[in-house]
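Student: I am new to this structure and should like a close look at a single part of it. Please start with a sheet, explain the terms as they arise, and then relate that part to what else is found along the chain.

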Amino acid sequence: MSETQQIRLDVMKTYKLFVGGKFPRSESGRVYEVTDRKTGDWLANAPQGTRKDTRDAVAAARKAVPGWSGATAYNRGQILYRAAEMLQGRREQFTAEVAVSEGIGLKKAAALVDATIDRWVWYAGWTDKVAQIAGSANPVAGPYFNLSTPEPTGVVGIVAPQTGNGFSLLGLVSAIAPVIATGNTAVVALAPDAPLPGLSLGEVLATSDLPGGVVNLISGRTEDIAPTLASHQDVNALDLTGVISPEGHGSARALEVLAADTLKRVRRPDVTDDWSAAPGTDRLLAFLETKTVWHPMGI
């Protein structure tokens with residue numbers, strides 16, 4: 001057999017976590033197999049993130065808060081738009097990963113990827129506009145200006161969507177983009193049975209001018225990662241979108257109890273979430289605080 005006729009072996013991929021703008025292996029060194037949702041065939045190895053990995057991700061997210069929240073809204077919008085550009089450039093890869101992750105055809109997967117790109121662009125456009133709907137000049141009885149302005153909450157822990165068509169990328173982006181568009185940083189527990197589009201998203205964000213630590217992506221057992229986020233004192237808020245456990249250690253109620261110790265803002269899971277619907281502004285406003293300033297007139 002000639003050299004050109006030799007059968008070559010594919011380079012099998014072991015994905016990495018995305019923490020602090022870098023791609024570390026899991027602290028434990030462990031991985032787990034990710035399989036085709038329809039055929040059961042092996043696709044790749046994903047890192048088995050641990051509580052230690054989650055704590056490292058929170059530390060990276062906390063370190064990134066001052067720079068990201070202090071950036072101009074216009075600059076944040078430019079960076080988010082750059083992420084959409086990079087997604088567009090890797091459209092075929094994401095289409096293939098969404099198809100095997102969700103057990104759907106390439107045509108439907110391509111439509112979901114296109115919707116994901118459009119959603120990034122949509123949220124990128126809101127970065128310098130959200131203050132117009134969340135802030136106000138308040139009428140007061142006195143010689144004062146009274147102004148209310150929105151500010152980011154800080155570090156937000158996100159449990160990524162776990163079920164339903166579109167969750168592995170479109171649902172994931174629909175949870176992450178509004179959090180970072182408003183100046184927060186995020187630590188995300190990816191869907192354990194479909195982590196590949198999310199882990200590849202980290203490769204996109206790393207080349208999109210997004211500062212390290214603004215988004216951190218952890219794959220592995222949600223029941224290990226989510227309680228760590230809920231109880232961590234440096235996490236300011238939780239988005240429990242992907243929590244599906246009705247009871248027990250990883251349920252929404254159990255996580256809320258853990259979050260109560262540090263007075264976290266919590267967004268509960270909503271079974272009516274439709275990732276294909278127009279997103280609205282609810283998620284943009286979910287993790288904002290309001291600061292009101294009084295300023296005397298005529299001085």
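Tutor: The answer begins with the sheet and then turns to a hairpin, a helix, some aromatic rings and further salt bridges.

This is a predicted model, in which local features need pLDDT of at least 70 and side-chain atom pairs count only at pLDDT 80 or more, while totals for chains, interfaces and linings use all residues. Residues are numbered from 1 along each chain as its sequence is written, and side-chain values use heavy atoms, with hydrogens and water left out.

The part chosen is an open sheet of three strands, in the order 3-4-10, with antiparallel pairing. Its edges are strand 3 (136-137) and strand 10 (288-296), each of which pairs on one side only. Helices (H or I, at least four residues) and strands (E, at least two) are DSSP runs numbered from the N terminus, and two strands pair if DSSP finds at least two bridges between them. Strands of a sheet pair through backbone hydrogen bonds, either parallel or antiparallel. Between strand 4, residues 144-152, and strand 10 there are nine bridges in the antiparallel sense. One residue to locate is threonine 149, whose bridge partner in strand 10 is lysine 291.

Lysine 291 also takes part in a salt bridge with glutamate 151, their closest N and O atoms being 2.9 Å apart. This pair joins distant parts of the chain, for lysine 291 lies in strand 10 and glutamate 151 in strand 4, 140 residues apart. A salt bridge here is a side-chain nitrogen of Lys or Arg within 4 Å of a carboxyl oxygen of Asp or Glu. Lysine 291 is partly exposed at 37% relative accessibility, and glutamate 151 is partly exposed as well, at 32%. The scale calls a residue buried under 20% relative accessible area, exposed over 50% and partly exposed in between (1.4 Å probe, protein chains only).

Strand 4 also holds phenylalanine 145. Phenylalanine 145 has a relative accessible area of 43% and is therefore partly exposed. Together with Leu147 and Met297, Phe145 makes a nonpolar surface patch of about 270 Å². Patches are made of residues with over 30% relative accessible area and no salt bridge, like charges being joined within 9 Å and nonpolar side chains (Val, Leu, Ile, Met, Phe, Trp, Tyr) within 5 Å. The areas come from the Shrake-Rupley method with a 1.4 Å probe, and for residues only the protein chains shown count as cover.

Another antiparallel pairing joins strand 1 (residues 31-35) and strand 2 (residues 42-47) over five bridges. Here valine 31 has proline 47 of strand 2 as its bridge partner. Six residues lie between the two strands of this hairpin, and glycine 40 takes a positive phi near 80°.

Among the helices, helix 6 covers residues 167-181. Its 15 residues reach 20 Å from the first C-alpha to the last, close to the 21 Å expected at 1.5 Å a residue, the expected span being 1.5 Å times one less than the number of residues. Because 15 of the 15 residues of helix 6 are buried, this helix is largely enclosed by the rest of the structure. Glycine 183, with a positive phi near 95°, follows helix 6.

The aromatic rings come next. Rings of Phe, Tyr and Trp (its six-membered ring) pair if their centres lie within 6.5 Å, and planes under 30 degrees apart count as stacked, over 60 as edge-to-face and the rest as tilted. The count by this rule is four aromatic pairs. Tryptophan 122 and tyrosine 123 have ring centres 5.0 Å apart and planes at 85°, so their pair is edge-to-face. Tryptophan 122 and tryptophan 126 have centres 5.8 Å apart and planes at 55°, so their pair is tilted. Those two tryptophans, 122 and 126, are four residues apart in helix 4 (residues 106-126), which means about one helical turn separates them. Trp122, Tyr123 and Trp126 form one aromatic cluster. Within that cluster, tryptophan 122 is partly exposed at 33%, whereas tyrosine 123 is buried at 1% and tryptophan 126 is buried at 19%.

Returning to charged pairs, the structure holds 16 salt bridges. One of them joins glutamate 203 and arginine 90, with closest N and O atoms 2.7 Å apart. Glutamate 203 belongs to helix 7 (residues 196-205) and arginine 90 to the loop between helix 2 (73-89) and helix 3 (91-102), so that distant parts of the chain, 113 residues apart, are linked.
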